[in-house]
Amino acid sequence: MRIQLQILLFLGLFATFSVHGKEFVSAIDKDIDSLCRKLEVVGLELALIRDSNIVYSYTYGKAIKRDNSGKYFFSEFNRKSDLWKVASLTKNIIATAIMQLEEKGLLSIYDDANKYLPFKLRNPLFPNDSITIQMLLSNHSSILNDRYERKDYPGVQYSSVKPGTEYIYSNINYLLLASIIENITKESFDKYIINNIFEPLEISGYFYPYNEIKDRLVYGKWMANHQLSICDSYQSYKHIDKDRYRIGQDTKSLDPAGGLIISLPDMAKYVRFCMGDSRKILKDSTLQQMRLPQSDKAQYGLGTIDYSGTIKGENLYGHTGYAYGIYTCMVYSPERKYGIVIFCNGLKINYQNAFPITYKPIITMLYNKYIMENHDSVN
């Protein structure tokens, strides 16, 4: 009788633990569900990385895919195989490649960018002032984010401020950085990244929607006139002949400022590297340098944004992205060794509000439940 009673007590304790565990997990699912419904999210995937493992993952809504006839359809997410064009998260990878080249002694980020480009790069209002690689990395080049032509960049427009003095976010900076990678390595920037960043980190990533991956691509819903409409996230690749890619000439075609195509688990592997994974492709001191804001007026470092104000007392870094209805975010703590990746394929807010309205609440929820040493709420 005593043994039976002990068994019953043990089973009761186990059942209680299991139920409490289930309630704990479902509670945060419910909170994120509520936020997604409020924002009219089409679909969303996220992963929380702690040390070297994904300790929590979440999916909401539907993926948007496209069949061979060009017709869009909704499907369940497949976290392991779905591929996303992650927009400006790409910039952090380009910056990592540049910093690798500096560690190899092939450039200095304080060099004049003209040293590695086949054309003259100068703000005409400041013809004697160099535009350095560091200025391109930190968006302090004085180059505006306007439309431009590829040949010799005759369409590049400059601000009226001196290079190096003001933060101006510009995708063109990262096109130029990719051109520098190509002119130094004599290979396309995507091949350099695959061979020197992705392969060592055991990541599969692409800068072109090859036929073999087309059925895995996730499309987005673009917000226009207060309505969400499906759009072709990969339309810019339609007229590219990847087999005839010309080094230093076709760089723009692969969109080095926002064209990385990658799965959520593989992006999580990259975040592990940023956190300080043991597989080193950059020195810790270089990663630390990338995180440092390059001016007092902006929290932008070298391809990295300082998000430390997101949670009180936490040093967080990363990047966000937005293009063709795809919203992306990665943040990580190099000190506490955790990171968060969020991919979304459409929500009914302006993309400039994505971080405070969408990412910050989710990051805070995950931090409260999984990172804090106790479960007191974060202010």
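Visitor: Which residues line the largest cavity?

Guide: In this predicted model, the largest cavity is lined by Asn92, Thr96, Tyr270, Phe273, Cys274, Leu287, Met290, Thr304 and Tyr332. Two or more residues of this lining come from each of helix H2 (89-103), helix H6 (264-275) and helix H7 (284-291), and the largest share, 3 residues, is given by H6.

Visitor: What makes this space a cavity, and how many cavities of 30 Å³ or more does a search of the whole structure find?

Guide: A space is called a cavity when a 1.4 Å probe fits in it but cannot get out. The search of the whole structure finds 1 cavity of 30 Å³ or more, and about 30 Å³ of space lies in the largest cavity.

Visitor: How do the residues of the lining divide into nonpolar, polar and charged?

Guide: The lining of the largest cavity has 6 nonpolar residues, 3 polar residues and no charged ones. Tyr, Phe, Cys, Leu and Met count as nonpolar, because the grouping places them there by residue type.

Visitor: Why is Ser75 called buried?

Guide: The word buried is kept for residues under 20% relative accessible area, and Ser75 has a relative accessible area of 16%, so Ser75 is buried. Ser75 is found in strand E4, which covers residues 72-75, and, leaving aside its neighbours within four places in sequence, Ser75 is in contact with Lys62, Ala63 and Lys65.

Visitor: What makes those three residues contacts of Ser75?

Guide: Contact means heavy atoms within 4.5 Å, and Lys62, Ala63 and Lys65 are in contact with Ser75 in that sense.

Visitor: Which residues of helix H5 are buried, and how do you know that they are on the same side of H5?

Guide: In helix H5 (residues 189-198), the buried residues are Phe189, Asp190, Tyr192, Ile193, Ile197 and Phe198. They cover an arc of only 155° around the axis, and therefore they are on the same side of H5. An α-helix has 3.6 residues a turn, so residues three or four places apart point the same way.

Visitor: Which elements do the buried residues of H5 pack against?

Guide: The buried residues of H5 pack against H2, helix H4 (171-185), strand E6 (205-206) and H6.

Visitor: What share of the residues of the protein count as buried?

Guide: Of the 379 residues of the protein, 54% count as buried, and the secondary structure comes to 8 helices and 13 strands. Among contacts between residues at least 6 apart in sequence, 66% join residues at least 24 apart.

Conventions: Residues numbered from 1 in each chain as written. Predicted model: local features only at pLDDT ≥ 70, side-chain atom pairs only at ≥ 80, totals over all residues. Heavy atoms only, no water. Helix = DSSP H or I, 4+ residues; strand = E, 2+ residues; numbered from the N terminus. Buried < 20%, exposed > 50% of the residue type's maximum accessible area, 1.4 Å probe, protein only. 1 Å grid on protein atoms, 1.4 Å probe; cavity = no way out; pocket = protein on both sides within 12 Å on 5 of 7 lines; lining within 4 Å. Points joined across faces, edges and corners; volume = space filled by probe spheres on them. Arc of directions from axis to C-beta.
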